[in-house]
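Here is a short briefing on one helix and a few backbone angles. Have the sequence and the 3D view open as you read.

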Amino acid sequence: MKKALKIALKIFLVFLGFILIYLIAVFSLSKITVQQEPNTKPEVEIYILTNGVHTDIVMPTKSDQIDWSQKVQFANTKAADSTYKYLAMGWGDKGFYLETPEWSGLKASVAFKAASGLSNTAIHATYYKSLKEGDDCKKMMISKEQYDRLIQYINNSFQKDASGNFFPIKTDANYGKTDAFYEANGSYSLFHTCNTWANSALKASGQKCCFWTATDSGIFSKYK
């Protein structure tokens, strides 16, 4: 009995130590700032947007570099309205997106799979007609060359068929009338969260961001 208690105590202490180290990493690494590339030409308007937990990258629906609506089709949303000017994209755990509309409904199985990297991922794409800057929405101007890199980063996050088309997810778990879900590449985990993905998108396009972050607050702290 004593041996079993000692083993259980060791497991608990190891788990507690892991959580402590993780929290220290979340706090400290997000404080390290990767600065914006110098001499950036203000040619393309993009945004970062948060719902308080999750960060989206927002881009023009159409530009001379890409028409996102050709692959993220308006027809895949309930509104099917082609007048929306902006497209927000976020990457994350498929179970969180489709099975957890509110944190109060989070299942232990979904949380475990997400934390361990055992589940699938999805892209959540939402169309907007306009955006209002504030604490939850920050604008930045980037160059066309930087936008090319951002396009490539986001494009590579989608699963595609042989013709390069994205795979829409058929679901009734949409958040509104202007959003849709798509199959994504990669695994979600404690070390690669939705906000890690968004931070890497900013890093890929030469914008100010964290060295690493798991949270939206880490990203938005750079744009106060």
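The notes below cover a helix, its two ends, and two loop residues. The model is predicted.

**Helix α5**
- Helix α5 spans residues 194-204.
- This helix is mostly covered, with eight of its eleven residues buried.
- The buried set starts with Cys194, Asn195, Thr196, Trp197, Ala198 and Asn199. Ala201 and Leu202 are buried as well.

**Ends of α5**
- At the N-terminal end, Thr193 acts as the cap. One of its side-chain oxygens sits 3.2 Å from the backbone nitrogen of Asn195.
- Asn195 is also among the buried residues of α5.
- Gly206 follows the helix. Its phi is positive, near 75°.

**Positive phi outside glycine**
- Most residues other than glycine have a negative phi.
- Asn39 is not a glycine, yet its phi is positive, about 60°.
- Asn39 lies in the loop between β1 (33-34) and β2 (44-50).
- Asn39 has a relative accessibility of 78%. The cut-off for exposed is over 50%, so Asn39 counts as exposed.
- Ala80 is another residue other than glycine with a positive phi, near 50°.
- Ala80 belongs to the loop between β3 (55-60) and β4 (86-93).
- Is Ala80 exposed or partly exposed? Its relative accessible area is 45%, so Ala80 is partly exposed.

Key:
Residues are numbered from 1 along each chain as its sequence is written. This is a predicted model: local features need pLDDT of at least 70, side-chain atom pairs count only at pLDDT 80 or more; totals for chains, interfaces and linings use all residues. Side-chain values use heavy atoms; hydrogens and water are left out. Buried means under 20% relative accessible area, exposed over 50%, partly exposed in between (1.4 Å probe, protein chains only). Helices (H or I, at least four residues) and strands (E, at least two) are DSSP runs, numbered from the N terminus. A polar contact is a pair of N or O atoms within 3.5 Å; within protein, one must be able to donate a hydrogen and the other to accept it, and residues adjacent in sequence count only if both atoms are side-chain atoms.
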